[in-house]
Amino acid sequence: MMKTTWIVSLGILPALCAPGCMNFGQRDPVPPSTVFNPSDGAVAQVSYEEEVQRGQSPEAEPAKEAAWWDPTGVGAKTLEATGNTSENRALAKKLFAQAESIYEQGMAQEGAQRAAKLNQAAGLFLRAGLYHQNSTLEEDALMYAGECYFFVDNYPDATKQYDNLVKKYPNTKHLDVIGTRRFKLARYWLDRHTTERTWALQPNLTDSQLPLFDRFGNAVKLFDLIRLDDPSGDLADDATLAAANAHFREGNFEAADRFYSDLRENFPTSEHQFNAHYLGVVTKLKVYQGAEYDGKPLNDAETLLTRLKRQFPDKTQENMQVIEKLDFDIRASQAERLWFKATFYDRRREYAGARHYYQQIIEKFPSSNMADEAKKRIAEVQDRPATPTPPAEFLYSWLERKKDLPQAAPQPIESLATKPENDTTSR
């Protein structure tokens, strides 16, 4: 009896376990997904199937329902948030079509309803891109998401999506539109920065149209991205000039000089070349710190002004008054540098060097009052030795105050030949 019981048990157990073994650990059968029908108003996204030939219909791909291990969909949303979703082209196209429909509805509405629809559409566009990455669908989805945020005046999020799009697709077909959007946003942020001055580190917690920190810095960054991401675009030279002018108005003359130089060198056919030359001269004069410092900015300004006169003769004639004022300022600063060097050697009793620079003043600026003073001083030191006697006397000569050295007038250059008749302080 015992043997019979054991035999029956051993025979029944496999039969009972077999159905469980067949089902345990397997997913429930998934019903086939509904295929899009163009007649019901949905847009068939054939262009997003790179392998589909023209004139053929894309093969329907079954959309995956919620997994057996995640019936609530929390796990899928977590994967979407982290960007670790697996490819699902059918689901991507379905989400894109839903987002496109909601986007069109939102654009037809106003106020809070419009904002709610466009924000919803932006989320669906981003989800669609996650399920079909490195594709035309994802490229368009990122662009549409940025447009949704742009039209609800959420400008920081809009620029974020534009940046993500260009970073992932550098040669995207949307570069022209992105450049236009960036340019408008940059100018808007600059205007708000001008009218509502804030510190760069002062946070913005109330206005969705403005970045969290540093309106000015973010605006200039957008100008910079326009010319870097699309250097051959129509707005590249405009953005470079706008960034230079923004720095100039803020008193950041060295940064402005770099942008003006970039415009002159990298956009030779730009319509802004004359402005880049003229403002470049003004900026270099602003960078120049005086006779006691490096004279390279002053020399660069002179070279650039000479190039401006040769390259733009018609524009020079139209703006002769301001051009002559620049020429006068450059020559005045050059004369002051020579006077500073001459008196420097004169105080050290190195009369050979002093006579050399006094003579240069006479030759280069003969009509100035400095030339008259230089002639007088040359006559006074004509017979004095070229170097101090004894050689080390200049080390302690500061103890004896010298009163016989010429003093420059408060405005040392009053009669330069290049000084315009009607002086103006405007550039």
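Is Arg192 buried or exposed? In this predicted model, Arg192 is buried, with a relative accessible area of 14%, and the surroundings of this residue are a useful place to return to once the overall architecture has been set out.

The protein chain is built from 16 helices and has zero strands. Of its 427 residues, 41% are buried, and among the contacts between residues at least 6 apart in sequence, 64% join residues that are at least 24 apart.

The interior can be described through its nonpolar cores. In soluble globular proteins, nonpolar side chains tend to be buried together. Here the largest nonpolar core has 73 residues, and those with the most contacts inside it are Phe125, Cys148, Phe223, Tyr278, Val281, Leu326 and Ile330. Helix α5, spanning residues 136-151, contributes the largest share of this core, namely eight residues. Another core, of 13 residues, lies apart from it and includes Ala354, Tyr358, Ile361 and Phe365. To look at one member of the largest core in detail, Phe223 is in contact with Phe183, Ala186, Arg187, Leu190, Ala239, Ala242 and Ala243, once its neighbours within four places in sequence are left aside.

The packing of α6 against α7 offers a view of how two helices meet. Two packed helices are described by the angle between their axes and the distance between the axes. Helix α6 (residues 155-168) and α7 pack at an angle of about 145°, with their axes 11 Å apart, and the crossing of α6 and α7 is left-handed. On the side of α6, the contact involves Tyr155, Pro156, Thr159, Tyr162, Asp163, Leu165 and Val166, which meet Leu175, Ile178, Arg181, Arg182, Leu185, Tyr188 and Trp189 in α7. The residues of this contact divide into ten nonpolar, one polar and three charged.

Arg182, one of the α7 residues in that contact, also takes part in a salt bridge, in which its side chain meets that of Asp229 at 2.8 Å, N to O. The pair links distant parts of the chain, with Asp229 in helix α8 (residues 215-229) and Arg182 in helix α7 (residues 175-195), 47 residues apart. Arg182 is buried, with a relative accessible area of 3%, whereas Asp229 is partly exposed at 26%.

The structure holds 19 salt bridges, and Arg192 belongs to one of them, its side chain meeting that of Glu196 at 3.2 Å, N to O. While Arg192 counts as buried, Glu196 is partly exposed, with 33% relative accessibility. These two residues are linked with Asp207 and Arg215 in a network of salt bridges. Elsewhere, the side chains of Glu110 and Arg114 form a salt bridge with an N to O distance of 3.9 Å; Glu110 is exposed, with a relative accessible area of 59%, but Arg114 counts as buried at 18%, since the limit for a buried residue is under 20% relative accessible area.

Two residues in loops deserve a look for their backbone geometry. Asp214, which is placed in the loop between α7 and α8, has a phi near 55°, a positive value in a residue other than glycine, and it is partly exposed, with a relative accessible area of 29%. Arg349, in the loop between α14 (320-347) and α15 (351-364), likewise is not a glycine and has a positive phi, of about 60°; at 22% relative accessibility, Arg349 counts as partly exposed.

Note on methods. Residues are numbered from 1 along each chain as its sequence is written. This is a predicted model: local features need pLDDT of at least 70, side-chain atom pairs count only at pLDDT 80 or more; totals for chains, interfaces and linings use all residues. Side-chain values use heavy atoms; hydrogens and water are left out. A nonpolar core is a set of buried Ala, Val, Leu, Ile, Met, Phe, Trp, Tyr and Cys residues joined through side-chain atoms within 4.5 Å. Buried means under 20% relative accessible area, exposed over 50%, partly exposed in between (1.4 Å probe, protein chains only). Helices (H or I, at least four residues) and strands (E, at least two) are DSSP runs, numbered from the N terminus. Contact means heavy atoms within 4.5 Å. A salt bridge is a side-chain nitrogen of Lys or Arg within 4 Å of a carboxyl oxygen of Asp or Glu. Axes are lines fitted to C-alpha atoms, for helices over the stretch in contact, and angles run from 0 to 180 degrees between N-to-C directions. A crossing is left-handed if the near helix is turned anticlockwise from the far one by less than a right angle, and right-handed if clockwise. Ala, Val, Leu, Ile, Met, Phe, Trp, Tyr, Cys and Pro count as nonpolar, Asp, Glu, Lys and Arg as charged, and the others, Gly among them, as polar.
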